[in-house]
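Work through the exercises below with the model open beside you. Each task is followed by a stepwise solution.

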2 protein chains.
Amino acid sequence: MSSKLTDRQQQVLDCIRECIADTGMAPTRAEIADIMGFQSKNAASDHLRALERKGYIRLHSDRSRGIQLLDNAYWGEEELPIVGKVAAGVPIEAIENVERTVPVPQGLFKQRPTYLLKVQGDSMVDAGIFDGDLIAVRKSNVARSGEIVVARIDEEVTVKTLKLNKSSATLLPANEAYEPIKVPADQLVIEGIFVGLIRDPNSY
Amino acid sequence: MSSKLTDRQQQVLDCIRECIADTGMAPTRAEIADIMGFQSKNAASDHLRALERKGYIRLHSDRSRGIQLLDNAYWGEEELPIVGKVAAGVPIEAIENVERTVPVPQGLFKQRPTYLLKVQGDSMVDAGIFDGDLIAVRKSNVARSGEIVVARIDEEVTVKTLKLNKSSATLLPANEAYEPIKVPADQLVIEGIFVGLIRDPNSY
DNA sequence: AATAACACTGTTCATATTATCAGTATCCGT
DNA sequence: ACGGATACTGATAATATGAACAGTGTTATT
């Protein structure tokens, strides 16, 4: 992964993002210096080099405004990975689980999702979550009672409504054909919280 | 609105869009000329001026790569209107019905939606369409049997599964509490076809 | 038949922008 | 206590890019 940014570098990165969001163009060194209050354009150059080295941007040499944002927070939309079958014992976002990626605009959902999970099975049909639906999941290892969560039990990943009672947790399906699952609070591994749903009836 | 583009101008506009989608940067005059096969940069300049005059782009003078795309089809995503309550006798997309707009990336759904409709009522819960969900609708006045459609009956807009038998049509709810609606084929007005669903559990 | 918009080629010039070199000072890990 | 990353100032050279001017045909419109 890309290494951590210093405060100043983060500010410069934010400044670039803002520029692109506002005008659709990346800023020049001079513009960055202006906005950040540098006296020298080279201060901006230095930061850009640092941002590139750390993997946040790509610099196209000799091209004006040749700053390309990488990875996340692109232009108000993000490429989110679609996770299908999750192999046992493997982190949910591991590459082998990713089927493809889809651009999802920021702000489509109130809470920002981390990845999309392709639902398998019909245990949540009564909550309107069907087999094949994509659910938008925000990564988190805690959740409040009543929230729909992505949880791992015995290395299996499932989507259920979480109910917390005093010392134990219950994972509640939304389908009469399934039984609630009671889990000791210390054995429950929450992977994320359900923050949105996308369904495409025409997706093969 | 902006006036119509010539074929060539449309090609140049497409070329700009592609550039931005690929690299995040607008192209220079020289790059456009290269891609389009012009011998002269000025050919590109001419087209850009035409595109600006017609309201498709904004040119920032004296700034390199200072081409800003305007209005629609920005960067692979479209602003789709969210339609809430639909007033009787009014076209579904009429301005007074639009609550707000949301950017939806092209390709999120197999079929491209025309607008989003905020679902009211629970007549389709068994199909996983809940009160408050946004359904993506592709405008169409025909539909095949079995598809979920947006239809108008007596000036009321509803979402139902369409069943066509010989000479009559039935609009099938997906909730036992509701009755199927039988409509003479000539009285049925189909507004559009359900092509996708977006749910945000945190939307106020 | 005249006029304007379209669709270019080709050249020159001004300036916008990047690249690079030479410094200074602070902070951090070893 | 040392090297390296951070965080800048300041100046100059090289080049990328936009703007302007002078042309040539073609097509659409009045």
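**Exercise 1: the surface near strand D**

Task: sort the surface near DNA strand D by residue class, then find its contacts.

Solution. Step 1: the surface near DNA strand D has 2 nonpolar, 11 polar and 11 charged residues. Ala, Val, Leu, Ile, Met, Phe, Trp, Tyr, Cys and Pro count as nonpolar, Asp, Glu, Lys and Arg as charged, and the others, Gly among them, as polar. This is a predicted model: local features need pLDDT of at least 70, side-chain atom pairs count only at pLDDT 80 or more, and totals for chains, interfaces and linings use all residues. Residues are numbered from 1 along each chain as its sequence is written, chains are lettered from A and ligands numbered from 1 in the order in which they are written, and side-chain values use heavy atoms, with hydrogens and water left out.

Step 2: 24 residues surround DNA strand D, and the closest are R8(A), Q39(A), R53(A), S64(A) and R65(B). Near means that a heavy atom of the residue lies within 4 Å of the strand.

Step 3: of the DNA strand D atoms within 4 Å of the protein, 73% belong to sugar or phosphate. The rest belong to bases.

Step 4: look for polar contacts (N or O pairs within 3.5 Å; within protein, one must be able to donate a hydrogen and the other to accept it, and residues adjacent in sequence count only if both atoms are side-chain atoms). The side chain of R8(A) places an N or O atom 2.7 Å from a phosphate oxygen of DNA strand D. For S40(A), a backbone N or O atom lies 2.8 Å from a phosphate oxygen of this strand. For R53(A), a polar side-chain atom lies 2.6 Å from one.

Step 5: α1 (7–23) and α3 (41–53) of chain A, with α3 (41–53) of chain B, each give two or more residues to this surface. α3(A) has the largest share, 5 residues. Helices (H or I, at least four residues) and strands (E, at least two) are DSSP runs, numbered from the N terminus.

**Exercise 2: strand C**

Task: which residues are closest to DNA strand C, and which parts of the strand do they contact?

Solution. Step 1: the closest of 24 surrounding residues are D62(A), R8(B), Q39(B), R53(B) and S64(B). Sugar and phosphate make up 67% of the DNA strand C atoms that come within 4 Å of the protein.

Step 2: take the contacts by strand part. Base: a side-chain N or O atom of S40(B) is 2.8 Å from a base nitrogen. Phosphate: a polar side-chain atom of R53(B) lies 2.7 Å from a phosphate oxygen. Sugar or linking oxygen: a polar backbone atom of D62(B) is 3.2 Å from one.

Step 3: α3(B) supplies the largest share of this surface, 5 residues.

**Exercise 3: T28(A)**

Task: is T28(A) buried, partly exposed or exposed, and what does its side chain reach?

Solution. Step 1: T28(A) sits in the loop between α1 and α2 (29–36) of chain A. Its relative accessible area is 22%, so T28(A) is partly exposed. Buried means under 20%, exposed over 50%, partly exposed in between (1.4 Å probe, protein chains only).

Step 2: the T28(A) side chain reaches the backbone nitrogen of E31(A) at 3.1 Å.

**Exercise 4: charge over ring**

Task: where does the charged end of R199(A) sit?

Solution. The charged end sits over the ring of F130(A), 4.8 Å from its centre. The test requires NZ of Lys or CZ of Arg within 6 Å of the ring centre and within 35 degrees of the ring normal. In chain B, R199(B) lies over the face of F130(B), at 4.8 Å from the ring centre.
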